Amino acid sequence: MKNLLLVFILTVSTGAFAQKSDPNMGIVPAPVSAKRESGEFKLTPETIIFVDSPDNKAVVFFSNYLKKAGLASSVTDINTIDKNHRNLKNSIVLSLNFKGKLPAEGYELHVTPNNITINGRYSGMFYGIQTLIQLIQKSKSPGYAIVPCATIKDYPRFGYRGMHLDVSRHFFDVDFIKKYLDVMAAYKLNNFHWHLTDDQGWRIEIKKYPKLTEIGSQRAQTKIGRVHGVDSDLYDNTPYGGFYTQEQIAEVVAYATDRYINIVPEIEMPGHSMAALAAYPEMSCDPAKEYKVFENWGDSKEAFCPNDVTFKMLHEILYEVMELFPGKYIHIGGDEVNKDAWKKSDFCRQLIVDQSLRDENGLQSYFISNIEKFVNSQGRSIIGWDEILEGGLAPNATVMSWRGEAGGIAAAQMGHDVIMTPGSGGLYFDHAQSKSTQEPLSIGGNAPLSKTYAYDPVPSSLSKDQQQHIIGVQANLWTEYIATPDKVEYMLLPRMLAMAETGWTQQAGKDYKNFSMQRLPHQLARLEEEGYNYRVPVPEGAKDTTLTGNKFNIDLTPSVEGAKIHYTIDGFTPRETDLEYTTPLQITVPSGKHIDFQAIEITPAGKRSIVSDIKMANDSK
Ligand code: TNX
């Protein structure tokens, strides 16, 4: 009985404790300011949602959320109720037409035992609602929930907070893209960079050029990533393909818009274009050559030819793309252009002379300038990978710095806007999440959560004015080695939450310990409930280490709320049948002996962390 009581007290207190001692009240990304106040608001089936703009997207989103969560509450237009007869008790008041100013995308959230109010405009209201959703603690009785009293004031550090997905190397269907957008919205990301074309597949229907998808979206087979750890020259002999119709694209754009997410479509040029060339070889400098949708990873060595035929076709393609995507930015790629095809071309050699260009690098900037002028003429702006800087650019081009920060720094110094996405900053989510051999196949590298979290997109080498050109941050998810939605989610989560905090939270408000130990466990439990296949971090305190001594303290914290930790000290791989870790341990290792403390964390849904190993050796004789 005594034991039972103890267990009960522990389970009840963890959630509440986490919120009381956590200055950020469990919220990710951490708000600018959060003040916990005493008491709580009880959401009941009688709670009324008062709104001043019933058709507002954020309001509609919230009422749908409540319905889905079984917290159905009626939405009432506050304007229909006489000012003198408004009873705001037991209500949630969503105010878009409030008096006063807030920073862009900002909101204020106030929870008292009587009611909840959110002030915010446009995305500000949407983000206030996301924060409120994170604060809602559902109770066991259906229809009821509680929200701790608090005053929160919040707004983002950067205007551009992006997440990328490569759907060319592997294709992901509309339902999955929506699920991806859902989790982005929940963490206040506002730009989805959709990498729609590459050597290995063209994934967007273009009505004027149907072969782009008829031919360009299908490849005969796919390179097998790595066989037994060694890069292979084997292929899977299985046809692969997929694309989005324009109708589907429109559906995704509307879905994103409802969540205040802008989509940045990327049409790669002049390199990474083999799938398009397979469909329309006339866009190459050697149309007689046979092109096929690339089956390998890495460099296809092919590029669009900078001639009139190609430019006309690309303008027409981009025209359709711009009809589909209403946002300001069109991403035109520009990275890793292999110049071999241009070097072999008489046409290109002559063009270099005619245009007084230096060499093939000059041709690259000639190419980008042409496209940029066209995009600008349609009232839009280009984004390109940092290679587009080589050769000079118009001032309204935005640069994505991926090869470290050097490109971004140079671009900001030249007065261009910059989005930081360096692989060296832990923002390449195709890199592994630890050095363990238990991680799934990845492109390589090591980008653990802590590294992603630590990244600050504003280089101190820039002057204050130049720093203003760093408009945001983005993580990229390339999918050469990621063939399934489950694996996308595994590589995305939880690192995306760390990146989201970098994009939103003021640098001074970031605190890795508070993020990883106090807030993440709560968020991961939520992601689990929502059916995301996140990576279960190893318990805090259990990371692989080698220690020497004779007495060792083991003090672990689960990385996911409600998860269990099992361990062994007998050299066997721990599993659910092994001892459960519930309280700190002290392990004594006799002279000349060593003991391995191996742990695994298993979540309520059965998700497992990798096995960690603390090696403890007593070297004394
Ligand atoms: C570089 S990042 C690429 C991609 C690859 C990625 C793999 C960039 C602009 N280009 O084509 O998929 O590395 O990490």
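**Exercise 1. The ligand and its surroundings**

Find how far a nitrogen atom of the ligand is from an N or O atom in the side chain of Asp-335, and decide whether the pair is a polar contact.

Solution.
Step 1. In this predicted model, the distance between a nitrogen atom of the ligand and an N or O atom in the Asp-335 side chain is 2.8 Å.
Step 2. A polar contact is a pair of N or O atoms within 3.5 Å, so the pair qualifies.
Step 3. Oxygen atoms of the ligand can be checked in a similar way. One lies 2.8 Å from a polar side-chain atom of Arg-169. For Glu-480, an N or O atom of the side chain is 2.6 Å from an oxygen atom of the ligand.
Step 4. Now take the cover as a whole: on its own the ligand has 370 Å² of accessible area, and the protein covers 92% of that.

**Exercise 2. The shell by class**

State which residues surround the ligand and how many are nonpolar, polar and charged.

Solution.
Step 1. List the shell: Arg-169, His-272, Asp-335, Glu-336, Trp-385, Trp-402, Tyr-428, Asp-430, Ile-443, Trp-478 and Glu-480 surround the ligand.
Step 2. Sort them by class. Five are nonpolar, one is polar and five are charged.

**Exercise 3. Domains and a pocket**

Determine which domains give residues to the lining of the second largest pocket, and where the pocket lies.

Solution.
Step 1. Write down the division of the protein chain: domain 1 covers 4-154, domain 2 covers 162-504 and domain 3 covers 545-617. The centres of domain 1 and domain 3, taken over C-alpha atoms, are 39 Å apart.
Step 2. Describe the pocket. The second largest pocket has a volume of about 500 Å³. It is lined by 23 residues, of which Gln-433, Ser-434, Pro-448, Val-538 and Lys-543 are the closest to its centre.
Step 3. Sort the lining by class: nine residues are nonpolar, eight polar and six charged.
Step 4. Look at the helices. H13 (449-454) and H17 (512-529) each supply at least two lining residues. H17 gives the most, with three.
Step 5. Domain 2 and domain 3 both give residues to the lining, so the second largest pocket lies between them.

**Exercise 4. Backbone details in loops**

Locate the cis peptide bonds before Pro-270 and Pro-494, and the positive phi of Tyr-122.

Solution.
Step 1. The bond from Met-269 to Pro-270 is cis, with omega near -15°. Pro-270 sits in the loop between strand E17 (262-269) and helix H7 (274-279).
Step 2. Leu-493 and Pro-494 are also joined by a cis peptide bond, with omega about 10°. Pro-494 belongs to the loop between helix H15 (485-492) and helix H16 (495-504).
Step 3. Tyr-122 is not a glycine, yet its phi is positive, at about 50°. Tyr-122 is in the loop between strand E6 (115-120) and helix H3 (123-135).

Notes
Residues numbered from 1 in each chain as written. Predicted model: local features only at pLDDT ≥ 70, side-chain atom pairs only at ≥ 80, totals over all residues. Heavy atoms only, no water. Domains from an automatic or database assignment. Near = heavy atom within 4 Å. Polar contact = N/O pair within 3.5 Å; in protein donor to acceptor, adjacent residues only side chain to side chain. Areas by Shrake-Rupley, 256 points an atom, 1.4 Å probe, with all protein chains shown as cover. Nonpolar A, V, L, I, M, F, W, Y, C, P; charged D, E, K, R; others polar. 1 Å grid on protein atoms, 1.4 Å probe; cavity = no way out; pocket = protein on both sides within 12 Å on 5 of 7 lines; lining within 4 Å. Points joined across faces, edges and corners; volume = space filled by probe spheres on them. Helix = DSSP H or I, 4+ residues; strand = E, 2+ residues; numbered from the N terminus.
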